[in-house]
Amino acid sequence: MLYTSTRDKSVKVTSAEAIAHGISKEGGLFVPAELPKITPEFIASLVGKDYISRCEKVLSLFLTDYTAEEISYCVGGAYAKGKFSSEKIAPVKKIAEGKNILELWCGPTCAFKDMALQLLPYLLTVAAKKTVSDKTIVILVATSGDTGKAALEGFKDVDRTKIMVFYPNDGVSPMQKLQMTTQEGNNVGVCAIDGNFDDAQSGVKAIFTDPAVAEKLEKNNMMFSSANSINWGRLVPQIVYYISAYCDLIENGSIKNGDEINIVVPTGNFGNILAAYYAKQMGVPVKKLICASNANNVLTDFFESGKYDKNRKFYTTESPSMDILISSNLERLLFHLCGEDDALIRDWMKSLSEKGEYEVNECVKKQIFDLFEAGCCNDEETNRTIAETFKNGYLLDTHTAVAVKVYNDYVKKTGDKTQTIIASTANPYKFSAAVLKSIDSKDNSGADEFEQVELLIKESGVPCPPQLSSLRGKEPRFTECCSKKDMAKAVYTMLGI
């Protein structure tokens with residue numbers, strides 16, 4: 001299987017090249033030149049198998065230049081016994097009739113990013129041996145909270161790699177910030193920026209595509225790659241868990257093989273729901289993809305109008321990993337829906353860069369209206385959804401609560417009772433203050449982060465994962481903060497060049 005670029009479809013690279021480089025040299029994103037198809041028989045062959053077996057079979061469809069032994073090594077290392085708190089890796093929990101939570105936060109950093117970022121370092125080191133064996137790979141990451149820690153944990157002390165993470169100084173939860181700033185490892189760096197996630201993301205992309213920066217790295221025998229979801233090696237593991245969840249619904253008798261399901265995803269950078277779209281296009285019977293946004297509802301407006309417009313107020317919310325106005329992975333979806341017209345993609349992305357907006361054509365609009373439903377949810381509605389769901393026996397984090405609220409609205413509007421998978425993206429203890437406020441009527445705002453953790457344990461009866469509780473009293477290693485224009489300088493400092 002070969003991969004092409006959303007901005008230059010003459011590009012043809014292997015999966016190893018796509019993963020090693022992260023982004024195409026002209027700024028486009030790598031996508032499969034042709035998606036593999038799966039049949040009901042293929043799905044049946046995965047029912048009853050463990051997650052590792054399912055992952056190996058799905059990855060083998062996409063990573064055709066990796067040997068079976070290499071895929072087995074990568075998957076076995078990523079999901080090895082003891083790394084995830086559930087033997088199922090990504091368990092499905094039924095919380096109401098037709099409503100199923102896909103828990104994607106059982107990994108070492110308690111966020112869904114672990115599902116891909118435990119695997120990506122293995123995929124990348126194998127890819128590097130195939131393509132750029134003599135170079136040190138520099139991983140640059142912009143994070144709205146969860147990707148940063150998951151990437152740092154995945155890449156810490158990985159041979160011939162260095163990783164630098166940028167996060168918005170006032171745009172992550174206290175627990176997310178503590179996770180990143182206390183990160184261990186000899187090859188890691190963390191820096192806050194004055195600005196929001198979009199500033200961090202656009203700054204990283206600018207560094208990636210700056211020829212002067214690339215030349216400086218080349219002189220030092222280094223090259224960039226990415227651990228953000230712009231890297232295909234981040235996206236392909238996410239396709240796996242939607243296929244696996246479908247198999248689990250067959251196993252527990254909720255559906256029969258061939259029955260349709262809906263998938264709801266709390267969405268920021270569009271990677272997680274794009275993976276669900278790929279699963280649908282491959283052959284998983286998905287009726288509707290439901291895109292859930294918080295108050296930063298640029299995607300909701302897009303899926304209702306076909307116009308993408310980031311020229312709006314930016315909100316800092318209690319679901320900070322979704323505080324995004326530029327959803328990078330949407331470019332991949334548009335490339336597929338516009339018939340792989342790379343000139344059209346270049347025009348739309350240029351308009352986004354220069355004017356902050358673009359509007360897709362009628363052909364693409366019809367397809368997005370057919371494929372997607374969308375909705376949004378403010379903080380007050382998020383808190384209310386956490387409280388209501390907790391009364392029914394399940395504790396949500398602030399991001400999953402957005403998805404549950406948008407799904408409930410969808411059911412009220414359509415009456416559609418199709419079995420539904422709701423992607424749960426983080427453990428509630430990553431956002432203790434907001435979750436505690438939702439289920440406890442007392443004012444606990446004067447308590448510090450870990451006092452609120454203790455109160456949430458007492459109030460909910462749900463234990464706090466040890467990888468979060470153990471951060472109490474840990475001193476930050478990284479306290480730097482820079483402006484967007486000084487991000488390249490911060491990278492050079494970290495690399496010592």
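In this predicted model, Asn296 is placed in the loop that runs between strand β11 (286-293) and helix α13 (298-305). The residue is buried, its relative accessible area being 3%, which lies under the 20% that serves as the limit for this class. Once the neighbours within four places in sequence are set aside, Asn296 is in contact with Lys313, Phe314, Tyr315, Thr317, Met322, Asp323, Ile324 and Leu325. One of these residues, Asp323, is also joined to Asn296 through a polar contact between the two side chains, with a distance of 3.1 Å. By contrast with these contacts, Leu59 and Asn296, which are 237 residues apart in sequence, have C-alpha atoms that lie 33 Å apart in space.

A second loop residue, Ser229, is found between strand β9 (222-226) and helix α11. Ser229 is likewise buried, with a relative accessible area of 5%. Its side chain makes a polar contact of 2.7 Å with the side chain of Asn329. Apart from neighbours within four places in sequence, the residues in contact with Ser229 are Arg234, Leu235, Asn269, Gly271, Asn329 and Arg332, so that Asn329 appears both in this list and as the partner in the polar contact.

The loop between helices α19 (432-439) and α20 (449-460) holds Ala447. At 19% relative accessibility this residue counts as buried, because the class takes in values under 20%. When residues up to four places away in sequence are not counted, Ala447 touches Gln452 and Leu455. Ala433, which is 14 residues from Ala447 in sequence, lies 8.9 Å from Ala447 when the distance is taken from C-alpha to C-alpha.

Attention now turns to the enclosed space within the model. The structure holds 2 cavities of 30 Å³ or more, and the largest of them contains about 260 Å³ of space. This cavity is lined by 24 residues, among which Phe112, Lys113, Gly268, Asn269 and Ser321 are the closest to its centre. Three helices, α7 (146-155), α11 (232-251) and α12 (271-282), are the elements that give two or more residues to this lining. Sorted by class, the lining of the largest cavity is made up of 14 polar, 7 nonpolar and 3 charged residues. Asn269, one of the residues closest to the centre of the largest cavity, is also among the contacts of Ser229.

The second largest cavity contains about 60 Å³ of space. Its lining consists of Ala142, Gln201, Val204, Lys205, Ser226, Asn228, Ile230 and Ser328, and these residues divide into 4 polar, 3 nonpolar and 1 charged. Helix α9 (residues 197-208) supplies the largest share of this lining, namely 3 residues.

Charged side chains were examined next. Side chains of opposite charge can pair when their charged atoms come close. In this model the count of salt bridges comes to 30. One of them is formed by Lys474 and Glu184, whose side chains meet at 3.2 Å from N to O. Because Lys474 lies in the loop between α21 (466-469) and β16 (481-482), whereas Glu184 lies in the loop between α8 (174-181) and β8 (188-193), the pair ties together parts that are 290 residues apart in sequence. Both partners fall in the partly exposed class, with relative accessible areas of 32% for Lys474 and 45% for Glu184.

Another salt bridge joins Lys405 to Glu381, the closest N and O atoms of the two residues being 3.7 Å apart. Here the link is between distant parts of the chain, with Lys405 in helix α18 (residues 398-414) and Glu381 in helix α17 (residues 379-391), 24 residues apart. Lys405 counts as buried at 15% relative accessibility, while Glu381, at 21%, counts as partly exposed; the two residues are classed in this way because the boundary between buried and partly exposed is set at 20%.

In a further pair, the side chains of Asp440 and Lys442 meet in a salt bridge with an N to O distance of 3.2 Å. Asp440 is buried, with a relative accessible area of 6%, whereas Lys442, at 52% relative accessibility, counts as exposed. Beyond such pairs, Arg54, Lys88, Asp248 and Glu251 are joined into one network by salt bridges that share partners.

Key: Residues are numbered from 1 along each chain as its sequence is written. This is a predicted model: local features need pLDDT of at least 70, side-chain atom pairs count only at pLDDT 80 or more; totals for chains, interfaces and linings use all residues. Side-chain values use heavy atoms; hydrogens and water are left out. On a 1 Å grid over the protein atoms alone, a cavity is a set of points where a 1.4 Å probe fits but cannot get out, and a pocket is an open set with protein on both sides within 12 Å along at least five of seven lines; lining residues have an atom within 4 Å of a point. Grid points are joined across faces, edges and corners, and a volume is the space filled by probe spheres set on the points. Helices (H or I, at least four residues) and strands (E, at least two) are DSSP runs, numbered from the N terminus. Ala, Val, Leu, Ile, Met, Phe, Trp, Tyr, Cys and Pro count as nonpolar, Asp, Glu, Lys and Arg as charged, and the others, Gly among them, as polar. A salt bridge is a side-chain nitrogen of Lys or Arg within 4 Å of a carboxyl oxygen of Asp or Glu. Buried means under 20% relative accessible area, exposed over 50%, partly exposed in between (1.4 Å probe, protein chains only). A polar contact is a pair of N or O atoms within 3.5 Å; within protein, one must be able to donate a hydrogen and the other to accept it, and residues adjacent in sequence count only if both atoms are side-chain atoms. Contact means heavy atoms within 4.5 Å.
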